[in-house]
Amino acid sequence: MIGRLLGEAVVELRRNLARTLLTASGVTVAVTAFTLVAGVGEIARNAITEDLEGVGGRAGTVALTLDTGAPLGEVGTARAADVMAERLGRYEPRARGRAVLATSETVRRDVAPLPSKDPDDLPCGSSTSFGGFPEDSSGGFSSGSGQGLFFSSPCTLPVYAVDPELLGVMGAPMVAGRWLRPEDAKSLAVPVVVSKALATQLRDVEHPTLESLLGSVIRDEELVQQPLVVVGVVGDNAVTNVLGQPGAGFVPFEARSRFTPTGDRGMITAMAVIDPAGAERIANQAAADARALLTQAGFSRPAVSGERIDEAGALGSALRVLDLVLLAIALVTMGLGAIGVLNVSLMTVRQRVREFGLRRAVGARPRDLAVLVLCESVQVTLIGGIVGVGLAMVVGLVLTLLGVDGVRDLGLVGIVRPAVLGLLVAVATGMAGGLVPALRAVRVSVLDALRR
Amino acid sequence: MTGDRCVDLQLVDCSKRFTQPDGSVLGVLSDVDLSVRGGETLAVLGRSGSGKSTLLNILGLLTDPSEGTYLVDGRVSHELDEDERCRLRGEQFGFVFQDYVLMERRTALENVAAPLLHASDAAYRNRTAAARHMLGRVGLGDRERSYPWQLSGGQQQRVAVARALVRGPAVVLADEPTGSLDIDTGAEILDVLLSLAAEQGCSLVLVTHDERLSKLADRRLVVEHGSVRPLADGRAEPVLP
Ligand SMILES: Nc1ncnc2c1ncn2[C@@H]1O[C@H](COP(=O)(O)OP(=O)(O)OP(=O)(O)O)[C@@H](O)[C@H]1O
Ligand SMILES: [Mg+2]
């Protein structure tokens, strides 16, 4: 029966070309507008999310921290980190990773700092306030082609050994260079990604920009066994700051024993991004579980704390406002489209009620009429909708070619989701419009329908 | 399309009332007893507004009597649900409406084929040929691609006749099929209708104003003051020269 009605619908649409085109063009306009708004909205949403996460961390970031106070040794550290990461992994994390405070030392640089207008702006404070290194220490040197960086003004350089996946947890943007890769653990010189705050401290006359720091070597003969090669600079946010104060270095988890002979410093952290709802509760639960498991595994009274560490409050409300605005615009455009479709279908209601009355007199059941109308509507709105999506893509392409700011991402791929959504809404609208006369024809008696 | 499908229609004590917009009740038919046997032709006469169309609509399951029982092939009409009514209307009845009711944006051929949309698979596949055959029988073989607005009133009426017969119904209900035709054409159409009905073995209930044409039927009835009474038997004298 559906096949027969589909064929009947095609004839109906072809014979009522004016009506078909009017309906289809209404749908086209609505879908074009909707797709563009939704596409632009998606870009804005991503941009805002990225910006906000860059500051506040990803919503729902939780951390389990085991503070041992003393090194646990190679095996103990990995074991504890694994247990905690495994506990967090149970809560359908969108990202997770392990981190260990590998070293946290006061080091110095011996290159003159960049002149700064504001004395408070001087990196690492004044040259005398930190102990441990005499002014004339010659701890750093240049060797080979690499330019060594070291510190005449003493400052703290906490280095974390982290899983490469941890970038996904932190949600911080890369400012220069690249993040750690799995294969970095095996490279000869240990790659390090420094946070922007630390990178700013490391800048000097020879390395005035963040980019120029890339490829340079951090050395401190006494404390860092192997040289660290700077491969990237990552932004600071609420989450990276939890790993020590602003300013830290990140090296591959597996490579940590290669540069710190004294062993891990006893701060072991596992992080994950989970559903923000109930994140605090889950963090506490996971901490309790990890405590129990670690005790079983022979750790004596492990001090595991669990907490939510992102600052996503602002993030949520900003996006909620954006969503509301987009929803309003989408509703208005689809509403306009729906009014257009309804208008056309109401114009023909009288004629169609009579037609439907006749169809019932020659054997059509009410449900056949409904299906017929749906076949017509779906065909019309699909045609209109596909043209609409095509138009939106063309507009997007033109905006891209014109180089309108921020539209670069509005490519063919970014438009798929809103386009599918737009099509669905269009089809629903078309159905609603077409069903009005069908329902009317079924509600009134056949006879009344025939007399209209 | 054989003569063995005899469907009996029977009205028992049927009344029909309409409620007017001002709230008053208009009795159109009261206590009507009527039976239509399979294969017979029946002419219904009566003044305008007497209730002829109403009677036909009840017979065709387009409306229910306000009181009384209507039996279609032994089944009580008001116990049928809408799906069954639609099925029965499509399978057992063929309608020729007083004002044709053709689909405006469909050709004559498509209008005639419309009932076959709901017929068996075989009949559906064969719909164009069947419709073409029927159009030929009513003398419109050369107008199958015309739209209703390109046809005269009489031609439209003939399209309606072809549509009523295309699915081989058990009963044809024709409401003044000759009303808009000159006397000769009217007689011609009626002739076609009667011979097709005879061929297919179906009953024919025919509403007409024309006393002379009514005589072509087996039986004649008059609707008057809400009741239906028989008239002297038809087929008394030939109308056509
Ligand atoms: N749906 C309705 N609502 C109210 N009154 C109706 C309705 N249908 C018919 N009537 C009334 O019932 C009476 C009979 O109408 P019907 O159409 O059966 O007459 P008829 O005999 O077919 O007349 P004609 O020869 O003019 O076609 C008329 O007075 C008409 O006004
Ligand atoms: Mg009438």
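These are my notebook entries on the contact between chain A and chain B, its salt bridges and a magnesium site, all read from a predicted model.

**Entry 1: the interface overall**

I began with the contact itself, which takes 26 residues from chain A and 29 residues from chain B. I then looked up the three residues that matter most by area on the chain B side: R106(B), L117(B) and H118(B) supply 25% of what chain B buries against chain A, more than any other three residues. For the total, I noted about 2500 Å² buried between the two chains, with carbon and sulfur atoms giving 54% of that area.

**Entry 2: polar pairs and the chain B side**

Next I counted pairs. The rule finds 7 salt bridges across the interface of chain B and chain A. It also finds 12 residue pairs in polar contact there, both partners at pLDDT 80 or more. Which elements of chain B give two or more residues to the side that touches chain A? I got α2 (82-92) and α4 (121-125) of chain B. The largest share comes from α2(B), with 5 residues. By class, the residues of that side divide into 12 nonpolar, 6 polar and 11 charged.

**Entry 3: salt bridges between the chains**

I went through three of these one by one.

- R106(B) pairs with E8(A), and the closest N and O atoms are 2.7 Å apart.
- R15(A) pairs with E110(B), where the closest N and O atoms are 2.5 Å apart. The pair runs from helix α1 (residues 2-15) of chain A to helix α3 of chain B. I have R15(A) down as partly exposed at 24% relative accessibility, and E110(B) is also partly exposed, at 24%.
- D99(B) and R354(A) meet through their side chains at 3.8 Å, N to O. D99(B) sits in the loop between β6 and α3 of chain B and R354(A) in helix α11 (residues 349-361) of chain A, so this pair joins two chains. D99(B) is partly exposed at 42% relative accessibility, and R354(A) is partly exposed at 22%.

**Entry 4: the network and R19(A)**

I followed R106(B) further and found a network of salt bridges that links R106(B) with E8(A), E12(A), R19(A), R352(A), E355(A), R359(A) and E376(A). I picked R19(A) from this network for a closer look. R19(A) lies in helix α2 (residues 17-56) of chain A. Is R19(A) buried or exposed? At 13% relative accessibility R19(A) counts as buried, because the cut-off for buried is under 20%. Leaving out residues up to four places away in sequence, R19(A) touches E12(A), V344(A), T348(A), R352(A) and E376(A).

**Entry 5: a pair inside chain B**

Over all chains, a search of the whole structure finds 34 salt bridges. I pulled up one within chain B: E82(B) with R89(B), the closest N and O atoms being 3.1 Å apart. E82(B) is partly exposed at 27% relative accessibility, whereas R89(B) is buried at 0%.

**Entry 6: the magnesium ion**

Which protein atoms are donors of the magnesium ion (ligand 2)? I found S53(B) through OG and Q98(B) through OE1, lying 1.9 to 2.4 Å from the ion. S53(B) is in helix α1 (residues 52-59) of chain B and Q98(B) in the loop between β6 (93-96) and α3 (108-113) of chain B, so the pair ties together parts that are 45 residues apart in sequence. S53(B) is buried, with a relative accessible area of 17%, while Q98(B) is partly exposed at 42%.

Technical notes. Residues numbered from 1 in each chain as written. Chains lettered and ligands numbered in written order. Predicted model: local features only at pLDDT ≥ 70, side-chain atom pairs only at ≥ 80, totals over all residues. Heavy atoms only, no water. Contact = heavy atoms within 4.5 Å. Buried area = accessible area lost by both parts, 1.4 Å probe. Salt bridge = Lys/Arg side-chain N within 4 Å of Asp/Glu carboxyl O. Polar contact = N/O pair within 3.5 Å; in protein donor to acceptor, adjacent residues only side chain to side chain. Helix = DSSP H or I, 4+ residues; strand = E, 2+ residues; numbered from the N terminus. Nonpolar A, V, L, I, M, F, W, Y, C, P; charged D, E, K, R; others polar. Donors = N, O, S within 2.8 Å, 3.2 Å for Na, K, Ca; no water. Buried < 20%, exposed > 50% of the residue type's maximum accessible area, 1.4 Å probe, protein only.
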